[in-house]
Amino acid sequence: MAENVRVAVRVRPFNDREKQRKASLIIDMRGNSTYIKNPEDMAAEPRSFAFDYSYWSHDEFKESANGYLEPTGGRYADQRKVFNDLGQGVLDNAWKGYNCSLFAYGQTGSGKSYSMVGYGSNKGIVPIFCEELFKGVEAKKATAGENEEYQVTLSMLEIYNEQVRDLLNPKSIAQKGGLKVRQHPSKGFYVESLVSCPVSSYNDIENKISEGTRNRTVAATNMNATSSRAHTIVAITFVQKTPNETGQSMTRTSVVNLVDLAGSERAESTGATGDRLKEGSAINQSLSTLGNVISALADLSMGKKKTVVPYRDSVLTKLLQNALGGNSKTIMIAALSPADINFDETLSTLRFADRAKAIKTTATVNESPTDKLIRELREENARLMELLKTGGITLEQLSANAGAGGQNPNQDSSEEIEEMKKAMEEELRKNQEEIENMKKTWQERLAEQENENKSNVDAELKKQEEKKVIPHFWNLHEDPALTAMIVHFTREGTSKIGNKNASPAPEITISGLSIQKQHGVVTNKGGVVKIKAIDGKILVNGAKITKETDLHHNDRVLFGPNHLYVFHHPQDEAKNVKEGKVTETPTYDTAQEEIAKKAGFMDKAGKSEEDLILQEDVIQMLPMVNEADAMSAELDKKVKFELALVSPQARGLKGGKTEVMVKMRNLENGNEWLWDRNKFINRKFLMQEMYQNYVEGADDWDVPKEKDPFWEDADVEVLIGTVHVHLMSLSHKLDIEETLTVTNYQGKENGHIEIEIMPCTPKGEGLGEDDFLDDPKELVGKELNFKFKINFGRGLPSNMRQSCCKFKFYLDNQYTSTAYGDGMNPEYKFEKLFKFPKCSQEFVDYLMESVAVIEVWGKQKDTSPKGGATLGTDTKQLMAREKSNLFGLSNYEEEQAKLKKIGDNKQTPVKKKGGNKAADSNKDNGVIIPVPPPPAEKKQNDQQVNAYKKQADDADRRAKAAEQRAASSESQVSDIRSLLSQKKKGGAETITIAELEAMLGGGGGRSATSTAQKEHMGDQASKACTIQ
Ligand SMILES: Nc1ncnc2c1ncn2[C@@H]1O[C@H](COP(=O)(O)OP(=O)(O)O)[C@@H](O)[C@H]1O
Ligand SMILES: [Mg+2]
């Protein structure tokens, strides 16, 4: 009988970061209803959803002595409660011989793994299920007759980037392209040669799952993979052989799939970036297909007839076809974040869960006489063998079997026939194995497995014991489920650290991005442990080490860009405890925060909620930027990445949040692009895929530039900077004619543009002197017409091929854009007549108080290496050269220090010439200035310090100039206007900057601006102020 998929939702507690920034709670639950509030409109009626179960795990709990989170109020759903509702049902059905599936869906960090597997004493559904299953088996066995048998086997796989990896078979993890997915005519899709381990106790299962998780962690770290993008499936096959009433042996089989899905967040960012490489869709194939399958199934259950369910579109949906729409009892648990900033993701999770509710599956008891099963398998094998022997796979057979391989029967290709043959052979092998297994006694199979496991289990046990006495490193991972999975001992004597190609093999082997054969070395002399870098980069507690360095208990150590460990020293720890010294156990977040801080990013003290969110973003993005840089260096891609904090103003917005973006710089021609976060994250995923192909030795690892994630078209427009035009004069009906500085997101001057705004008649004729308005309020209810002119740009960056200006005036929805002008000194010759027949109060206020923001966008020159200067130079050398050019530094970490927002500068002791006022006034303009390295490093090199000081001074000068510009009041503007119009009446055609300066008497900010302008504009200076 068809029944609906059962759906549960569960909301987790706030995490530390959410508590710190005092996040607001947007989820509520009453009975089976779940409510979500929109943080932008907390007073509005919340949206409500109904599910089979709504689990409140947000509060009303406490941590007991053993770490178990237990309820203190009636509301809290603990792990046991969730198991009793969901897991117990799965268990009962497994005993009855039904296939069962349990999915966890939700964004990364929402609590999927917590519900499925759990942490420490808070065991999730999977371990409790296994525990209870074996309790049941033991109880049955105690009274079992001779012919009864209970068999449990386990497999564990991961789907990453549409490739299947067998987590219980480390060899398959290294296999290029992953394992093949094939289709059996009656049994559906399966993974070729997936290991299926017989297990005889809960302990066995626990060991196997840990082994799988360890394999997964090693692979994810070595491949610098984004582990939240992997789907993990634990499949437990439970076979009961019992005699029926007539004494005939019956086999009852249940396959239980426990699926921890990839983080759902990426589905949302798909396409949002509008990038040339539509990475999103490729990366999300399994998850987005899951969404499509669920929608199609929901449509079907609503009675829509002609719906095609796209199971075949992804590996995940192929393997879970039964679970989703076939012979299975299926449960989905949707994990929810309680915090306001996750509103969009959480709402989309709720909608997904809501759709899943509608799906129906039809589970049947899988029970047959054992003899019959064996006979069927034999018959099937005989048929396959015959087919293969005659070698005559005909087209008819091909199409008859087409369903099996998923091939197109209309295509007559030898390749296809070859593929068919392989599929049949594999099927044959699999059947044979099954027959063998059926013939073997279960005891024999278990004994075999136990033999295989023994050395593994012994080694693991030994490791657990040694961890108590031998100093070691344990890994930190972004995913808490993959944390503390890898251990490297630093035994008495010397331990070399190096990659797997080093010979002889190093004591501590780690592989992957930027890990060298002789990366470094650790010495342990009577418990005193020291570490030294040789050819590789090592950070201890966030700082790069340049000499042998002592290691202490709980120190954080980073090898290359992504192997992060904590050093554990059992004896030191014991000593600390004795002395009452408590050292906090580091977490991935605290360790990354430390690295970001040492690299010169932000301090947490006194931060607003917005700053804290920004800081989280920096902490998330910085390791990725470092990885991207390391990949560019190894693949010789001649680009460099940098974090950029971009204020809303610098993005041409009036308000909003400062955002973390990533700047990619072409090291050969200096072209730069600013990518938003989603685009960078997706690109990085593709870079990692390319890097992996390279590491695996694929000839075709490199791709044409159109597909290259490290490449960007010079034709992609970049924001050169913005210009702010004060409109006050216009409200007095005075002309505005100005040469304004184009400022980029770092506060750097990127040239100038000349604009004019001239009040006029509706036909565009100039107004007379008498039209001047003393009081702008007089404008209300009257008409205002003006010409908006953007004449030209001067001194734009030299690598600009073309540029144009875009702006929105007042309530415009659409941008108004100038035509493209060429080169550094483009002529835009733009003119537009604006007509406001009846000015409203709001409009007049806008003129008096606001600025018009003009964005200057450009296309860069697509030049090859400048004059051959970079020919024959590889990326690593170019990166090193750039560092010394810009900073006179050699330290990567110090280079990172250059990006520093003014005002976040509290911990740096250098006194800025202009004082902090200038800095503060520019804070909101996204001005980013370099900062000096931390004091300890400063002493090392006077030259470096001077270089920094010079930069700080330069930045200071710019900041001051900007402040003065900002300070020049609107009244001054109108003064200038009157002076100019006087001059114009006197018949003058041009006015030079020198004259302008003289007119203003060199006073205040004006003169500073003009001097700066003159500096930048050179020959253009006199032209720039032509009076029309
Ligand atoms: N119900 C819960 N109670 C307490 N802590 C939870 C709960 N759900 C999640 N967490 C914590 O939140 C963090 C993220 O959860 P996790 O299950 O790893 O997320 P996901 O697997 O969805 O990425 C973990 O540190 C976990 O311990
Ligand atoms: Mg997880």
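Two strands count as paired if DSSP finds at least two bridges between them. Strands here are DSSP runs (E, at least two residues), as helices are (H or I, at least four), numbered from the N terminus.

Keep in mind that this is a predicted model: local features need pLDDT of at least 70, side-chain atom pairs count only at pLDDT 80 or more, and totals for chains, interfaces and linings use all residues. Residues are numbered from 1 along each chain as its sequence is written, chains are lettered from A and ligands numbered from 1 in the order in which they are written, and side-chain values use heavy atoms, with hydrogens and water left out.

**Exercise 1. Find the bridge partner of Val 540 in strand 29, then place that strand in its sheet.**

Step 1: Val 540 bridges to Ala 543 in strand 29. Strand 28 (residues 538-540) and strand 29 run antiparallel and share two bridges.

Step 2: zoom out. The open sheet has six strands in the order 23-22-32-31-28-29, with antiparallel pairing. Strand 23 (487-489) and strand 29 (543-544) are its edge strands, each pairing on one side only.

**Exercise 2. Work out which strands leave a side without a neighbour in the 33-34-35 sheet, and which helices pack on that sheet.**

Step 1: the sheet is open, with three strands paired antiparallel in the order 33-34-35. Strand 33 (639-646) and strand 35 (672-675) are at the edges with a single partner strand each, so one side of each has no neighbour in the sheet. From one strand to the next, the twist averages 25° (axes are lines fitted to C-alpha atoms, for helices over the stretch in contact; angles run from 0 to 180 degrees between N-to-C directions).

Step 2: check the register. Four bridges link strand 34 (residues 659-666) to strand 35 in the antiparallel sense, and Arg 665 has Glu 672 of strand 35 as its bridge partner.

Step 3: add the helices. Helix 20 (residues 609-635) packs on the sheet and touches strand 33 and strand 34, with its direction at about 170° to that of strand 33; contact means heavy atoms within 4.5 Å. Helix 21 (residues 677-695) touches strand 33, strand 34 and strand 35, and its direction makes about 105° with that of strand 35.

**Exercise 3. Track down the unusual backbone spots at Pro 504, Gly 526 and Asp 636.**

Step 1: recall the usual picture. Most residues other than glycine have a negative phi, and most peptide bonds are trans.

Step 2: the bond between Ser 503 and Pro 504 is cis, with omega about -5°. Pro 504 sits in the loop between strand 24 and strand 25 (508-509).

Step 3: Asp 636 isn't a glycine, yet its phi is positive at about 55°; look for this residue in the loop between helix 20 and strand 33.

Step 4: Gly 526 also has a positive phi, near 55°, in the hairpin of strand 26 and strand 27, with two residues between the strands. Six bridges join strand 26 (residues 520-525) to strand 27 (residues 528-533) in an antiparallel run, and Lys 525 faces Val 528 across the pair.

**Exercise 4. List polar contacts of ligand 1 and say how much of its area the protein buries.**

Step 1: a polar contact is a pair of N or O atoms within 3.5 Å; within protein, one must be able to donate a hydrogen and the other to accept it, and residues adjacent in sequence count only if both atoms are side-chain atoms. Oxygen atoms of ligand 1 lie 3.0 Å from a backbone N or O atom of Gly 111, 2.8 Å from a side-chain N or O atom of Ser 113 and 2.5 Å from a polar side-chain atom of Tyr 119.

Step 2: ligand 1 alone exposes 560 Å², and the protein buries 82% of that (Shrake-Rupley method, 1.4 Å probe; for residues, only the protein chains shown count as cover).
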